[in-house]
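Here's a quick briefing to read with the structure open beside you. Take it one topic at a time, and find each part on screen as you go.

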Amino acid sequence: CYLFIVQIYVGEISSTENRASFLNIIHIFVHLGIIFIYTLGHLVSHRTMNIIYGTIPLLYAIAFQAVIESPPYLRSKGKHEKAQHSQQLLMPKNQRNTEVEMMAMNMKLSYQVEKPKSLKELLKIKSTRKAMVLMCVQFFFFQMSGTNAISFYAQTIFMEAGVRNLHPGISSIIYVSFLTINSLSAAIFARRFDRRVMLCWFNALSAICLTVIGTYFSLKSHGHDLEGHGWIPLSALCINSIAFCHGTATVTWGLLGELFTIEAKKVIAPVAQIVSHALTA
């Protein structure tokens, strides 16, 4: 629920040109959270770790009380003055006066509060159905990209590739840290390149890297001597993380905030999330 609401909120308060980058920041912080979990689990006991985990959401809940509500949500509730004030606070100072006045005028002239539509009503809209199918397909490829399996088995991959002097768990931290660094550069790519091009090229690169990794370990499991060639799967692992972050991960998080209307997003986007988590399981 938390992750879903954050995606909607960030999408609603972001400008069109920055929305993809801001949504990708969520992906960056997911990786930072994983690094935090792995590191904490490596350093402290389970009891201490769970106390820390329980404290963080409480602090977040208190701090979030100061966050501004999104203008689209306030408008949907008929709170025009609060929506105008919220929009003014979120806008750059040099754009506030003229744009806020225009927004207020448009709300008075053309805005009507509509009763929220059900899932059945939304699915009758062709564009919404297509967007939902596209998101489900995108989440399918997101989860089937192999990144979760690699994260879970990073320690085994490093050991089988010949890196045996790392403490258990450090290899996973290294891999997720590399994902985080790549996610930072992916936020820049999301603003400058066509989404379709990014998906095609980076997914093709990811497929090549996964094939290399799979072939290496398949040959090794059949008794072939690959001593001294451990750099091959490790290099493929690094390149695959670059391809995943700049392709599937970036585009998926961006589409989730851009494909749906505000009305449809709150009802249909969870369907894509259910598909995603079901595939993770």
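Eight helices each give at least two residues to the lining of the largest pocket in this predicted model: helix 1 (2-13), helix 2 (19-43), helix 3 (46-63), helix 8 (126-143), helix 9 (147-152), helix 11 (170-192), helix 13 (231-258) and helix 14 (262-280). Helix 2 chips in the largest share, with 13 residues of the lining.

**The largest pocket**
- The volume of the largest pocket comes to about 1,500 Å³.
- A set of 42 residues lines the largest pocket, and Y2, L3, I26, F29 and V30 sit closest to its centre.
- What kinds of residues make up the lining of the largest pocket? Sorted by class, there are 29 nonpolar and 13 polar residues, and no charged ones.

**How far to trust the model**
- Across the protein, pLDDT averages 77, and 82% of the residues score at least 70.
- Which element of the protein has the lowest mean pLDDT, and which the highest? Helix 6 (residues 96-110) is the lowest at 49, while helix 3 is the highest at 89.
- Over residues 107-114, pLDDT stays under 50, and the model has 11 contacts beyond four places in sequence for this stretch.
- Where pLDDT is low, don't read the predicted coordinates in detail.

**Helix 1**
- Helix 1 has 12 residues, so at 1.5 Å a residue it should span 16 Å; its end C-alpha atoms are 17 Å apart, which agrees.
- Plenty to look for here: F4, V6, Q7, I8, Y9, V10, G11 and E12 are buried in helix 1.

**Helix 12**
- Helix 12 (residues 195-221) runs for 27 residues and reaches 38 Å from first C-alpha to last, close to the 39 Å expected at 1.5 Å a residue.
- The buried residues here are M198, L199, F202, S206, C209, I213 and Y216.
- When you look at those numbers, remember that an α-helix has 3.6 residues a turn, so residues three or four places apart point the same way.
- After helix 12 comes G223, which has a positive phi, near 95°.

**A look at Q143**
- You'll find Q143 in helix 8.
- Is Q143 buried or exposed? Q143 counts as buried because its relative accessibility is 12%, and the cut-off for buried is under 20%.
- Setting aside neighbours within four places in sequence, Q143 is in contact with N148, S276, L279 and T280.

Terms used:
Residues are numbered from 1 along each chain as its sequence is written. This is a predicted model: local features need pLDDT of at least 70, side-chain atom pairs count only at pLDDT 80 or more; totals for chains, interfaces and linings use all residues. Side-chain values use heavy atoms; hydrogens and water are left out. On a 1 Å grid over the protein atoms alone, a cavity is a set of points where a 1.4 Å probe fits but cannot get out, and a pocket is an open set with protein on both sides within 12 Å along at least five of seven lines; lining residues have an atom within 4 Å of a point. Grid points are joined across faces, edges and corners, and a volume is the space filled by probe spheres set on the points. Helices (H or I, at least four residues) and strands (E, at least two) are DSSP runs, numbered from the N terminus. Ala, Val, Leu, Ile, Met, Phe, Trp, Tyr, Cys and Pro count as nonpolar, Asp, Glu, Lys and Arg as charged, and the others, Gly among them, as polar. pLDDT is the predictor's confidence in each residue, from 0 to 100. Contact means heavy atoms within 4.5 Å. Buried means under 20% relative accessible area, exposed over 50%, partly exposed in between (1.4 Å probe, protein chains only). The expected span of a helix is 1.5 Å times one less than its number of residues.
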